[in-house]
Amino acid sequence: MSTENEGTNEGTPVPPAPSGPPVPVESSSAAAPQAPASDAGATTPLPQTPPAAPAAPAAPAAPVGDWPPPAAPQPAPAPPAAAGNWPPPAAPAAPAPAAATDGWQNPPTTPLYAEAGVGAGTHAYGDAAAAGAGGMGGGGGGDALAWGASYQQPAPKPRSGRGGLVAAVLVAALVAGGLGGGLGYTLAKNDDNTGSTTVAAATSGGDVKRAAGSVAGVAQAALPSTVTIEAESSNGEGGTGTGFVFDTQGHIVTNNHVVADAVDGGKLTATFPNGKKYDAEVVGHAQGYDVAVIKLKNAPSDLKPLTLGDSDKVAVGDSTIAIGAPFGLSNTVTTGIISAKNRPVASSDGSGSSSSYMSALQTDASINPGNSGGPLLDAQGNVIGINSAIQSTGSGGLGGTSQSGSIGLGFAIPINQAKYVAQQLIKTGEPVYAKIGASVSLQDSGNGAKITDQGSGGASAVESGGPADKAGLKPGDVITKLDDTVIDSGPTLIGEIWTHQPGDKVTITYERDGKTHTVELTLGSRKGDN
């Protein structure tokens, strides 16, 4: 499988979020009902009470003779008039205060989010202007619309003209939530002198406790030990990737293609999630493995290396957590599973000038350009791989306009292999590769790895005195298995050999003249990338 490394970030702009404030909903206008004028009796009506004053209770008519006996006026509303002249007609009640505006009032609508511009490039994130942008959609929280019939109270209590409205708005706000809730609380607070009672919700739901084995718990523990790496060549070109703390001396493990621009006189920096930034230098890099080690200058004394797991014990279906800086978005956490193991991957930087080979862990955790060099963690927070490559549908290569993002096929270098390589780089500054001492075709025939007739530069295809020569392998032989792993191509064979160390004994199955043969050989070693 041929893939592209995904660490170079050329500053692809992130589109702003769409701005779509909620559309106000017109409420139905319900005029307050008016008290009907009474036709019975000749009692002179009392003067109309001003809207702000309370309505006076109706005075009873003078009794006829000695009956009924006089009684004190009651505050309750007068009973409805009956036929005839009894009881005597009462004075009409003062008209109710006019309803505010059209009888109801909608809270003023407020956009759920404000459109903010995103600056050019993807390296500067965290400023206030960028918050809320970047293609995230806002949802929920529509207009606060209250429903209910307006009615006239028999004897309204003294209050301001907006007291009843506040209570209704508060109810609607509680139903609508979000925007309406804040608005209802504000109006109720402003009218607190009306006698309305506002029940305040608790200001805190209590401390949220997250289990150490949860995704949030793992991310919280691992993030302080990851860094965003910026590599810049002497001519100003470069990109962004990720790395993680390997030891307390300040060594950081990452991908070779992340730091390649800074190898010859370039500039290298590493930034922690807390914002602290350190200059760094390349200790060693391995092109074939796509592994590199850098070291922080003036490294802090409180570094916490991430715990390394055992990639040989990983199973398909295991949970994974990836940390990186996709498209420059530092400290991004994504999750998924191991979707395949021992996936043969030949990756390149898009130029075709160099390639890396691995027997990779495949994951569907979202991995994009900028995740390169970051840790792939298991559910306990142990590093099981280094995110290195993605299967891309784009054809423009890294940095090209058609460079695509995650399609659910990401590949990581198994940590058991990466650990060995990193230790060699720290010790000597040079990578050490296992080898069989034979040149094989890189064409993906699907039938195996064929030993070529001639090696590179005109050399012999089978190294004289090397492991393959001692095992009796010859040009034209097709290697179909290494131990129990099926070999379908040259890149698959190389990646599988590099999961071993020099001196390991392996069993080679090959075909010659239509017959299958099996032989055991001891892997040799090669230093450096040349």
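Here is a short back-and-forth about a predicted model.

Reader: What makes residues 7-47 a stretch to be careful with?

Author: The pLDDT there is below 50, on a confidence scale that runs from 0 to 100. Where pLDDT is low, the coordinates shouldn't be read in detail. The stretch still has 75 contacts in the model beyond near neighbours in sequence. Residues 159-192 also stay under 50, with 36 contacts beyond four places in sequence. For the protein chain, the mean pLDDT is 73, and 58% of residues reach 70 or more.

Reader: Why is Gly217 in helix H3 called buried?

Author: Buried means under 20% relative accessible area, and Gly217 is listed among the buried residues of H3 (residues 215-222), so that is the side of the cut-off it falls on. Val218, Ala219 and Ala222 are buried there too.

Reader: What covers the buried residues of H3?

Author: The cover includes strands S2 (226-232), S8 (319-324), S9 (332-348) and S11 (375-377).

Reader: How do you know which residues line the second largest pocket?

Author: A lining residue needs an atom within 4 Å of a pocket point, and 31 residues line this pocket. Closest to its centre are Ala438, Ser439, Ile494, Trp498 and Arg526. The space inside is about 870 Å³.

Reader: Which helix or strand gives the most to that lining?

Author: Helix H7 (490-497) does, with three residues. Strands S10 (355-363) and S14 (432-435) each supply at least two.

Reader: And how many of the lining residues are nonpolar, polar or charged?

Author: The lining has 13 nonpolar, 14 polar and four charged residues. Gly counts as polar here.

Terms used
Residues are numbered from 1 along each chain as its sequence is written. This is a predicted model: local features need pLDDT of at least 70, side-chain atom pairs count only at pLDDT 80 or more; totals for chains, interfaces and linings use all residues. Side-chain values use heavy atoms; hydrogens and water are left out. On a 1 Å grid over the protein atoms alone, a cavity is a set of points where a 1.4 Å probe fits but cannot get out, and a pocket is an open set with protein on both sides within 12 Å along at least five of seven lines; lining residues have an atom within 4 Å of a point. Grid points are joined across faces, edges and corners, and a volume is the space filled by probe spheres set on the points. Helices (H or I, at least four residues) and strands (E, at least two) are DSSP runs, numbered from the N terminus. Buried means under 20% relative accessible area, exposed over 50%, partly exposed in between (1.4 Å probe, protein chains only). Contact means heavy atoms within 4.5 Å. pLDDT is the predictor's confidence in each residue, from 0 to 100.
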